[in-house]
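The following exercises concern the structure shown below. Each one sets a task and then works through a solution step by step.

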Amino acid sequence: MEKEHIIVGNWKMYKTEQETVEFLQTLAPLVAAVNARVYLAVPFTSIPTAVKVTEKTNIVIGAQNMNDATKGAFTGEIAGIMLKASGAEFVILGHSERRELFKEDDDFINRKVIRALKDDLQPILCIGETLDERELGKTEEVLARQLQKGLKKVSMEDVEKIIIAYEPVWAIGTGKTATPELAQEAHRFIRQTLGTLFSGKESKISLLYGGSVKPDNAALLLSQKDINGALVGGASLDPKSFADIINAC
Ligand code: PEP
């Protein structure tokens with residue numbers, strides 16, 4: 001049976017609480033009848049309100065980051081249990097902006113993955129190569145390392161709960177989308193690597209493509225064999241374009 005597509009919006013540092021309400025009131029009717037799971041990662045301050053507004057809809061609310069500790073003197077950080085108590089159901093981890101701008105490494109990201117699972121939050125682990133790495137022919141090496149380290153100590157039972165998002169760094173926010181063939185090839189490699197790490201589980205794990213997904217390229221990307229959905233940044237900020245991507249499933 002075909003896996004249900006999952007479309008995840010990542011708002012990054014955009015939208016106040018009031019703007020979140022207005023967006024969700026517009027989006028909800030546009031995606032009420034879709035054949036896909038709709039996830040939205042909003043800023044921390046919008047989570048409780050977004051959860052309330054989407055109560056009777058098919059939209060699932062989550063967060064964009066968390067710390068690996070449950071509490072402590074970590075000014076400005078947030079714990080998984082706090083997100084869970086706010087109503088978040090999933091959390092994006094290892095986004096390339098966190099890796100690049102905030103110097104998060106694979107070990108730290110792995111500790112967050114483990115913590116999110118303990119806190120009953122579904123992790124969306126982002127992986128992907130930079131332009132330099134691709135041009136040096138290191139794409140597969142980078143993806144294999146990010147998977148191996150990012151999923152270290154994850155049990156065979158828990159790995160099915162994790163979503164992997166392949167986001168080539170050169171395609172994020174740049175308008176340069178990977179071709180469907182290139183994206184499929186990377187997803188095929190990711191699934192094969194998951195098979196070597198978690199034998200038999202590879203077909204149960206949802207793989208998303210991320211990187212300048214727009215209404216006009218979504219259908220072709222989503223029709224690729226190993227692509228089970230999309231992680232959408234810029235185009236998720238407008239309810240109409242986000243709905244068009246979801247409706248491309
Ligand atoms: C992202 O933020 O994960 C992303 C893929 O952004 P964009 O769609 O804007 O490239």
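**Exercise 1. Classify the shell around the ligand and describe how the ligand is held by polar atoms.**

Step 1. By class, the shell has four nonpolar, eight polar and two charged residues. Here Ala, Val, Leu, Ile, Met, Phe, Trp, Tyr, Cys and Pro count as nonpolar, Asp, Glu, Lys and Arg as charged, and the others, Gly among them, as polar.

Before going on, note that this is a predicted model, in which local features need pLDDT of at least 70 and side-chain atom pairs pLDDT 80 or more, while totals for chains, interfaces and linings use all residues. Residues are numbered from 1 along each chain as its sequence is written, and side-chain values use heavy atoms, with hydrogens and water left out.

Step 2. The ligand is surrounded by 14 residues, the closest being K12, H95, E167, G173 and S212; a residue counts as near if one of its heavy atoms lies within 4 Å.

Step 3. A side-chain N or O atom of E167 is 2.7 Å from an oxygen atom of the ligand. For G173, a backbone N or O atom lies 2.6 Å from a ligand oxygen. The protein covers 98% of the 300 Å² of accessible area that the ligand has on its own, by the Shrake-Rupley method with a 1.4 Å probe.

**Exercise 2. Determine whether D68 is buried or exposed, and find its partners.**

Step 1. D68 is located in the loop between β3 and α3 (80-86); helices (H or I, at least four residues) and strands (E, at least two) are DSSP runs, numbered from the N terminus.

Step 2. D68 counts as buried because its relative accessibility is 18%. Buried means under 20% relative accessible area, exposed over 50%, and partly exposed in between (1.4 Å probe, protein chains only).

Step 3. Beyond neighbours within four places in sequence, D68 contacts F108, R111, K112 and R115, where contact means heavy atoms within 4.5 Å. The side chains of D68 and R111 are joined by a polar contact of 2.9 Å. Such a contact is a pair of N or O atoms within 3.5 Å; within protein, one must be able to donate a hydrogen and the other to accept it, and residues adjacent in sequence count only if both atoms are side-chain atoms.

**Exercise 3. Repeat the analysis for R145.**

Step 1. R145 belongs to helix α7 (residues 139-150).

Step 2. With 34% relative accessibility, R145 is partly exposed.

Step 3. The side chains of R145 and D106 form a polar contact of 3.0 Å.
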